[in-house]
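Trainee: I should like to go through the charged side chains of this protein with you. May we begin once the structure is in view?

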Amino acid sequence: MRQAENAANAEPRVSVKRDALISIAGVMALTGAQERAADLAHKLENPYRRAKALAMVASGLAVSGELQGAEKLATEAEAVARSVNDRDHAVRDQAVLAQATASAGDLSHAYEIARVIADARQRDRTLTFVAEAIALTGDLEEAEEVANSIADETQRSKALLLLAKVGSKHGAEDRVGKIARSIEDPVYRRKALALLPHTEGGVHGLYVDQRGTDMAPKEVPQVERDLNENLGESESPRTRLNSFRQANELTHQATTALRCGDVDLARMLVESISVPALRVRALMSLSSVLEEAGDAERAEEFSSLAMAVSRAVPNSTHRDQMFTGIAQQFATSGNSDRAEQLVRSIESPPLRQRALGIVASATAKSGQLVLAERIANTVSDAYRRAKTLATIVQIAANSGALDEAERMAQSISDPLTRSRAVGTVAHACGGAGDFVRAEAIAAAITDPYECARALTALAADFEIPRSRVLLAQALSIGHWSICLPALLRLEPAVVSAVGAEFLRANDQRDGAA
C-alpha cells in the first residue's frame, strides 16, 4: 500500500492523483490500516475530495466492524460536505445579488458585492458582468478599472473585449483603441482591434500588433486549424462527419423522391446509407412521411425494414438504442401499444426503463395523456418514473389539460419533483388567466423553496398590488435570491436595499473578525 501511495503522489495530474489517493484510503480501511486511511483522507486539501474520502473510509470501518470510528468519520464527512455546499450557495447568492443590483442601476453597490465574493472564478465572472453594465451607462473609464481588477488573464481579456464592443457601438474609438491594445490574450486582442477602423485594426487581412512593430497575417481560427490538423492525421473524425452528412443528404433526397411518388428510388437511397443506426433513422423518417400522407401500407413497409436492420445489429446495446428510437416514432404517430410492446423486448433493464420513459413522453405529445400516464407508472425506477410524470404534466399543462395536469402532478411520489410539477401547473393556470386557481395551487406547494419560486413566477402575471403581496409571501418562506428576478422587474429599489444590507452585514462580520 505504501508503494501505491507513493505512486499516486508522484502522479502529475492533480485530479488523477486525488482520485487514486481516495481509492487507496478506501482499500486501507478495508484491510485493517484504518488509522493510515483516515490520516490519508484528512490530508486531502480539496474539501470535496476530503469529504468523499472520509465517507469511503467510514464505509470501510463499518464493514470491518469498527462502528464507533465509522460513525465519527461519517459525521465528519457530512460536516465537510455541508460546509462546502453552504459556501457554494453563498457564493452563488452573492453573484446573483451583484448582477441584480447592477441591473437595477446601483452599480457602486454591485461592484462592492462582486468584489468580496470568496470564490475567485465566480468573482471574476461577476466583475465582468458589472464592468459591462457600467460600460453600458457610457462610463468606459470606470468600466475599464473594474475589468482590470479581474485576476484571471483570460477572463480579464474577455471583459475588456466586451467593453470594446460597447464602446464601438457608442463611437468611442479612441477609448476602444486603448482598451483593445491593453488586452493581454492575443485572440481577444485581435477581436477587439477588428472593431476599430482599418487604419487601427489593419487592412487586407493584416493587423497591427501595438506591442511590437511587426505586421502579422490574420490567423485562421484555432478551431479551424485543429479540425484541419485532425483531418490530416486521422480518418475517424472525418469519416464520422461524412457519414452524418451523407445520411442527411440521402434522407433529404429520398424524402423528395417519395413526395414525387418514386418509392423505389427513395428506398434505394436510404438503403445505401452505410451506418445501420443512421439507416434506421432515415427509414423511420420516410415511414413518418408516408403515414402523414395517408399511405399506411407503405409506411409499415419502411418501418419493417427499420426493424429488420435493428435486429441484425450484433451489439445488444446499439440494438436496444435503435429499438428505442423506433418505439419513440411509433408513439409519436399514435401507435403507442406497438411502441410499448417493442420497448418491453429490450434486453438491458436500464435501457428498457429509459425507453419506457421516452415512449410515455412521446405518447403524451400525441395527445394520449391517460395512456402516457399508465406507461410512465410502469417504470420501476422511482426517480425516472417521477421525472417522466413531470414531463407529462408539462405537456398536459401546455395543452390546456389543467385538471389532468394537476391530478398527475399531485400523484408524483418524489416530494421535490412533485413540488416542481405542481409549480408548472400553477404557472400554466396563471397563463390561462385563472389567477385565483394559480395562486391557490402555488401556495399549497409543500417545499418552501419551490413554493416561493412558484409565487415569484406568478407575481409577474398579476397586477401591481397583488404581485407585491405574492412577492412578500415568497420572501417570507423562501430565500431572497429566488425573488430577485421578479423584484428587479417590479421593485428595483428593493434590490438595491438588499444589496446595501448585504454589504452592511459583510462589514460587520469583517469588523468582528
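Mentor: Please note that this is a predicted model. On its surface, Asp139, Glu141, Glu142 and Glu145 gather in a patch of negative charge.

Trainee: Is Glu145 buried or exposed?

Mentor: Glu145 belongs to helix 8, residues 140-148. Its relative accessible area is 56%, and the cut-off for the upper class is over 50%. Glu145 is therefore exposed.

Trainee: How many salt bridges does a search of the whole structure find?

Mentor: One of them joins the side chains of Arg267 and Asp264, at 3.2 Å from N to O. Another links Glu373 with Arg407. For the whole structure, the search gives a total of 18.

Trainee: About how many helical turns separate Arg267 and Asp264?

Mentor: Both residues lie in helix 15, residues 263-271. Arg267 is buried at 17% relative accessible area, whereas Asp264 is exposed at 54%. Because the two are three residues apart in the helix, their separation is about one helical turn.

Trainee: Which helices does the salt bridge between Glu300 and Arg338 link?

Mentor: The side chains of Glu300 and Arg338 meet at 2.6 Å, N to O. The two residues are 38 apart in the chain, so the pair links distant parts of it, with Glu300 in helix 17 and Arg338 in helix 19.

Trainee: In the salt bridge of Glu373 with Arg407, which residue is buried?

Mentor: The closest N and O atoms of this pair are 2.7 Å apart. Arg407 has a relative accessible area of 38% and is partly exposed. At 10% relative accessibility, the buried residue is Glu373.

Definitions and conventions. Residues numbered from 1 in each chain as written. Predicted model: local features only at pLDDT ≥ 70, side-chain atom pairs only at ≥ 80, totals over all residues. Heavy atoms only, no water. Patch = residues over 30% accessible without salt bridge, like charges linked within 9 Å, V, L, I, M, F, W, Y side chains within 5 Å. Areas by Shrake-Rupley, 256 points an atom, 1.4 Å probe, with all protein chains shown as cover. Salt bridge = Lys/Arg side-chain N within 4 Å of Asp/Glu carboxyl O. Lys, Arg positive; Asp, Glu negative; His and termini not counted. Charge placed at Lys NZ, Arg CZ, Asp CG, Glu CD. Helix = DSSP H or I, 4+ residues; strand = E, 2+ residues; numbered from the N terminus. Buried < 20%, exposed > 50% of the residue type's maximum accessible area, 1.4 Å probe, protein only.
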